[in-house]
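Dear colleague,

I am handing over the structure that we spoke of, shown just below. Please look through it alongside the notes that come after it.

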Amino acid sequence: MGVVNVTPDSFSGDGLYLRPQVAAAEAYGMLEAGAAIVDVGGESTRPGSEGVTADEELRRVLPVLERLRGQPLSVDTSKAEVARHAIELGAEMVNDVTALRADPELAGVVADSGTYLCLMHMRGEPRTMQESPRYGDVVSEVKAFLEERLAFAVSAGVREAHVCLDPGIGFGKTADHNFELVRRLGELVAIGRPVLVGFSRKSALAKLTAGPEARVGSTAASVGIAVAAYERGATILRVHDVREHIEALRAAAAVLA
Ligand code: HH2
């Protein structure tokens, strides 16, 4: 899954895509490089960020989605109104970092349209989530949360076969929590739904390779953790540098298969 952030303030420093032509060209490049789907988002979820209105989110993502009609698209949104418009333009997946907790109408939009859905774990909200996150056992808590949200989605009419689950790397977690979640990814895979991991460029990688103040993880570190996640059963890797990940994952797959 290639990441296309149509935001001025993404943590990964790629907020270059506010011009729809540039964002769409980037997405086409990712698809050409082998991405199975591109995830278009108009609201940054970086630690400390404030939300944006549905109108502003639509203003950012619709011109990009229009240019990508007919391509495999996911929309990174927590808002029913944004999801509805994106689905009309052909989005086949809704990626909700709040796991259907933010907008009571989103579950119905996904259920009625028959799109795929990603449910992600987040502790707190982006504005406050990195204020000393604590868990007893992070993996069991994330697992219980994802099981509960999966049951909720299914009770709201979403087909279970259309749901993937995501531990939410960097969302209310320390660097150690993030690495623990990948180390023990098998426990989340055991829920029985495909698992998506989005570790690309995240600050836990930056801290590991470039010191405590570094914020943006390198491509090489992102690829390394993606291969580790893939070996532990991840099905979808959400990444910024598609070509490098495709090459590394092909090489890893040649050994694993
Ligand atoms: N991470 C980000 C945004 N959306 N969605 C899922 N399912 N999983 C993730 O790990 C995830 C996500 C944050 O990364 P990015 O999109 O690069 O930055 P920003 O939110 O600052 O635009």
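The notes below take up a pair of helices, then the enclosed and open spaces, and lastly two backbone angles.

Please keep in mind throughout that this is a predicted model.

I begin with helix H6, which covers residues 175-183 and packs with H8 at an angle of about 105°, the two axes being 9 Å apart. Since an angle of 65 to 115 degrees counts as roughly perpendicular, H6 and H8 are therefore described as roughly perpendicular to each other. The contact is made by Ala 175, Asn 178 and Phe 179 on the side of H6, which meet Ala 204, Leu 205 and Leu 208 of H8. By residue class, this contact of H6 with H8 divides into five nonpolar residues and one polar residue, with no charged residue taking part.

Which residues of H6 are buried? They are His 177, Asn 178, Phe 179, Leu 181 and Val 182, and the buried residues of H6 pack not just against H8 but also against helix H5 (138-155), helix H7 (185-189) and helix H9 (219-231). Asn 178, which is found in helix H6, has a relative accessible area of 3%, and because buried means under 20%, Asn 178 falls in the buried class. When its neighbours within four places in sequence are left aside, Asn 178 is in contact with Ile 169, Gly 170, Lys 173, Phe 199 and Ala 204.

Turning to enclosed space, the structure holds two cavities of 30 Å³ or more. In the largest cavity there is about 50 Å³ of space, and its lining includes Phe 199, Ser 200, Leu 237, Arg 238 and His 245. H9 gives the most to this lining of the largest cavity, with four residues, and the lining as a whole divides into seven nonpolar, three polar and one charged. The second largest cavity, with a volume of about 40 Å³, is lined by Glu 43, Thr 45, Asp 76, Thr 77, Ser 78 and Val 97. In that second lining, one residue is nonpolar, three are polar and two are charged.

Among the open spaces, I would point to the second largest pocket, whose volume is about 430 Å³. Of the 21 residues that line the second largest pocket, those closest to its centre are Met 1, Ala 36, Thr 235, Ile 236 and Leu 237. Strand S8 (236-237) and helix H10 (242-256) are the elements that give two or more residues to this lining, and H10 supplies the largest share, six residues. The lining of the second largest pocket divides into 15 nonpolar, four polar and two charged residues.

Finally, a word on the backbone. Most residues other than glycine have a negative phi. Leu 100, however, has a positive phi of about 65° although it is not a glycine, and Leu 100 lies in the loop between strand S4 (93-96) and helix H4 (106-113). With a relative accessible area of 6%, Leu 100 is buried. Arg 201 likewise is not a glycine and has a positive phi of about 65°, and Arg 201 lies in the loop between strand S7 (196-197) and helix H8 (203-210). Where does Arg 201 stand, buried or exposed? Its relative accessibility is 17%, so Arg 201 counts as buried.

With best wishes

Key
Residues numbered from 1 in each chain as written. Predicted model: local features only at pLDDT ≥ 70, side-chain atom pairs only at ≥ 80, totals over all residues. Heavy atoms only, no water. Buried < 20%, exposed > 50% of the residue type's maximum accessible area, 1.4 Å probe, protein only. 1 Å grid on protein atoms, 1.4 Å probe; cavity = no way out; pocket = protein on both sides within 12 Å on 5 of 7 lines; lining within 4 Å. Points joined across faces, edges and corners; volume = space filled by probe spheres on them. Nonpolar A, V, L, I, M, F, W, Y, C, P; charged D, E, K, R; others polar. Axes fitted to C-alpha atoms, helices over the stretch in contact; angles between N-to-C directions. Parallel < 35°, antiparallel > 145°, perpendicular 65-115°, else oblique. Contact = heavy atoms within 4.5 Å.
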